[in-house]
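Dear colleague,

I am passing on the structure below, together with an account of what was found in it. Please read the notes with the structure open beside them.

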Amino acid sequence: MSATIERLEAQASQLLDGFIGLRETYALLDPMLFDRETVSSRGSFGQRNGFLILRRSLLLACVRDIGRLCLDSDEHAPSIPRLVANLRNTSLRNELRRRYCVLGGEPARTESDPDIIRLLADIAQREQTARGDEFDRLFARLLSSWDALSNGSALAKILTVRDQVSGHARDHSGRQRYQLVDITRLGIDLTALQPTIQAIQEPVALIGTMVHAAGFSWEALSRQLADAAQGFWTSTDTQDMR
């Protein structure tokens, strides 16, 4: 069981890393899709072709990452469906639950007064019971959120995006000719990207909490990515970095 838990912990960490990478990519892509000032200042005149190439590449990276996170069911894949399948295993989940509960507190080992020891043991037991109930609620939320995401229309739309963007450079005229295509003219619902990524975050967060018995600072990540995107797209400083 120990080796299985270690493998699950590694996969949960890889899942988190993959999702953070998706968030990073989308943070730079979003202004290229929806910020008029960015599109106007960086996507016109001599910069237009480079802007279109970068925007297309970032979009394709996003949809590929979403596919890996949400569709890869290989036994060793760090994906949501693979980890959810592992967590459905009762024996494995019970061991994770036990570890999660232990972090709720244990009686102090240095006390010698029997009454205090009993009181501390009672407090620790209540804390562990509360954490066990919390773990069960996390698992129920995980199943609910993943069911809604995997069976919803948003993810299906992203897969359509993946197929369309992957084939966007094909020349249907029969000539061997490459064309730069503006992805905003393909009829793709690009507004589905952000809510889908947000929906993916909940199962990723729940899996991390259940497996590692620890949360993640999503608000801090959002601030960092917002600052990074703003700094990249609005900076006009051309001085050498020292």
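Arg98 counts as partly exposed, because its relative accessibility is 45%, whereas Glu95, at 18% relative accessibility, counts as buried. Please bear in mind throughout that this is a predicted model, and that what follows describes that prediction. The side chains of Glu95 and Arg98 meet in a salt bridge, with a distance of 2.8 Å from N to O, and both residues lie in helix 5, which covers residues 90-102, where they are three residues apart, or about one turn of the helix.

Helix 5 also takes part in a link to another part of the chain. Arg97 forms a salt bridge with Asp136, and the closest N and O atoms of this pair are 3.0 Å apart. This pair links distant parts of the chain, since Arg97 belongs to helix 5 and Asp136 to helix 6 (residues 114-150), with their positions 39 residues apart. Arg97 is partly exposed, with a relative accessible area of 25%, and Asp136 is partly exposed as well, with a relative accessible area of 37%. Salt bridges that share partners also join Glu95, Arg98 and Arg99 into one network.

How many salt bridges does the count come to? The count comes to five, and one of them is found in helix 3, where the side chains of Asp65 and Arg68 meet at 2.3 Å from N to O. Asp65 and Arg68 are separated by about one helical turn, because they are three residues apart in helix 3. Asp65 counts as buried, because its relative accessibility is 13% and the cut-off for buried is under 20%.

To place these details in the whole, the secondary structure of the protein comes to nine helices and zero strands, so that from the N terminus on the elements run α-α-α-α-α-α-α-α-α. Of the 242 residues in the protein, buried residues make up 37%. The accessible surface comes to about 14,200 Å², and 49% of this surface belongs to carbon and sulfur atoms. If one takes the contacts between residues at least 6 apart in sequence, 78% of them join residues at least 24 apart.

Gln11 gives an example of a residue with contacts beyond its sequence neighbours. Gln11 is found in helix 1, which covers residues 2-34, and at 5% relative accessibility it counts as buried. Leaving aside the neighbours within four places in sequence, Gln11 is in contact with Glu75, His76, Ala77, Pro78, Leu83 and Asn86.

Another pair worth finding in the viewer is Thr160 and Ile188, which are 28 residues apart along the chain and whose C-alpha atoms are separated by 8.2 Å. Thr160 has its place in helix 7, residues 153-166, and it counts as partly exposed at 41% relative accessibility.

Which helices give two or more residues to the lining of the largest pocket? The largest pocket has a volume of about 260 Å³, and the elements that give two or more residues to its lining are helix 1, helix 8 and helix 9. Helix 1 provides the largest share of this lining, namely five residues. The lining as a whole is made up of Arg23, Tyr26, Ala27, Asp30, Pro31, Gln194, Ile197, Gln198, Ser222, Leu225, Ala226 and Ala229, and these residues divide into seven nonpolar, three polar and two charged.

Finally, two loop residues deserve a look for their backbone angles. Phe45 has a phi near 55 degrees, a positive value in a residue other than glycine, and it lies in the loop between helix 2 (36-42) and helix 3 (48-71). Ala213, which is not a glycine either, has a positive phi of about 55 degrees, and its place is in the loop between helix 8 (193-212) and helix 9 (218-234). Are these two loop residues, Phe45 and Ala213, buried, partly exposed or exposed? Phe45 is exposed, because its relative accessible area is 80% and the cut-off for exposed is over 50%, whereas Ala213, at 24% relative accessibility, counts as partly exposed.

With best regards

Notes
Residues numbered from 1 in each chain as written. Predicted model: local features only at pLDDT ≥ 70, side-chain atom pairs only at ≥ 80, totals over all residues. Heavy atoms only, no water. Helix = DSSP H or I, 4+ residues; strand = E, 2+ residues; numbered from the N terminus. Buried < 20%, exposed > 50% of the residue type's maximum accessible area, 1.4 Å probe, protein only. Contact = heavy atoms within 4.5 Å. Salt bridge = Lys/Arg side-chain N within 4 Å of Asp/Glu carboxyl O. 1 Å grid on protein atoms, 1.4 Å probe; cavity = no way out; pocket = protein on both sides within 12 Å on 5 of 7 lines; lining within 4 Å. Points joined across faces, edges and corners; volume = space filled by probe spheres on them. Nonpolar A, V, L, I, M, F, W, Y, C, P; charged D, E, K, R; others polar. Areas by Shrake-Rupley, 256 points an atom, 1.4 Å probe, with all protein chains shown as cover.
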